[in-house]
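Here are a few short exercises to work through with the model on screen. Try each one yourself before reading the solution.

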Amino acid sequence: MPDAAPPPASLKVASYNIHKGVGTDRRRDPARILNVLNEVGADVVCLQEADLRFGTRATVLPRFLIESHTDYHPVPLDVQHDSLGWHGNAILVRRGTLVESHDILHIPCLEPRGVVTARMRVGDTSLTVFGMHLDLSGLWRVRQARTIAALGEAARASGPVVLMGDLNEWRTVAGCFREFGRHFTLLDPGPSFPSRRPLGRLDRIMHCEALTAKDCGVHRSALAASASDHLPVWAEFVLV
């Protein structure tokens, strides 16, 4: 009898606005954020507000702390020496994951905004991930979504694509979602903001048809409720 085919590759991703490491108790505690990430247990994490906004824009999660307290390492975006990301956006991957390429992307903006992306190996598949934090203005969110969706569509030529982040969209049907929905499936993990009594479904995960979503949700724990003003959202995928 021929050998059974190996099971399809699976992947868990997460998005987390860490509020510059400041929790609902107004304490900045990077170790608490890392402990929440350990609770979530994703293979790839997109972070928002991972750097201080002013001054040198230094990271709130020092690399040595990430690598000593978790199984992650940051994708080296090579923007500023003391920063983890680009306009606060960063990507963490499991130690041992091969990152084939990475980049920072400029998008139309009213506030300082940017997008980060990385291509990595998942089994025999090359996966592209986009991490974002969109504008507070609905008009600018639409423009940003249109630009990012086009970049994501182009990336599909190299393999499956996942997009995730804080979209800052309170409405359930809006121009921002319409732009992404032209090219990608939008998941609704659930309300994730504010963390103690979540009402807003601001944090979203999107994917192309080369991925099948097994499950998605919001990570709720006592630690997560105090670590940031957002809760992490996650999704599990199977490669088609």
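**Exercise 1.** Which residue in β12 does V13 stand opposite?

*Solution.* Before we start, a word on the model: it is predicted, so local features need pLDDT of at least 70 and side-chain atom pairs count only at pLDDT 80 or more, while totals for chains, interfaces and linings use all residues. Residues are numbered from 1 along each chain as its sequence is written, and side-chain values use heavy atoms, with hydrogens and water left out.

Step 1: find the strands; helices (H or I, at least four residues) and strands (E, at least two) are DSSP runs, numbered from the N terminus. Step 2: β1 (residues 10–17) pairs with β12 in the antiparallel sense over 6 bridges; two strands pair if DSSP finds at least two bridges between them. Step 3: look across from V13 and you land on A235 in β12.

**Exercise 2.** Find the antiparallel pairing of β12 with β11, then say how many residues of β12 are buried.

*Solution.* Step 1: β11 (residues 211–218) pairs with β12 over 7 bridges, in the antiparallel sense. Step 2: pick D215; its bridge partner in β12 is E236. Step 3: check burial, where buried means under 20% relative accessible area, exposed over 50%, and partly exposed in between (1.4 Å probe, protein chains only). In β12 (residues 233–239), 6 of the 7 residues are buried, so this strand is largely enclosed by the rest of the structure.

**Exercise 3.** Trace the strand order of the open sheet that contains β7.

*Solution.* Step 1: read off the 6 strands, β5-β6-β7-β8-β10-β9, with mixed pairing. Step 2: mark the edges, β5 (99–106) and β9 (185–187), each of which pairs on one side only. Step 3: zoom in on β7 (residues 125–133) and β8 (residues 161–166), which pair in the parallel sense over 6 bridges. There, T128 stands opposite V161 in β8.

**Exercise 4.** Is R63 buried or partly exposed, and which residues does R63 contact beyond its sequence neighbours?

*Solution.* Step 1: locate R63 in helix α2 (residues 63–69). Step 2: its relative accessible area is 32%, so R63 counts as partly exposed. Step 3: leave aside neighbours within four places in sequence, and R63 is in contact (heavy atoms within 4.5 Å) with P74, H81, S83 and L84. Step 4: take S83 from that set; R63 and S83 are 20 residues apart in sequence and 9.7 Å apart in space, C-alpha to C-alpha.
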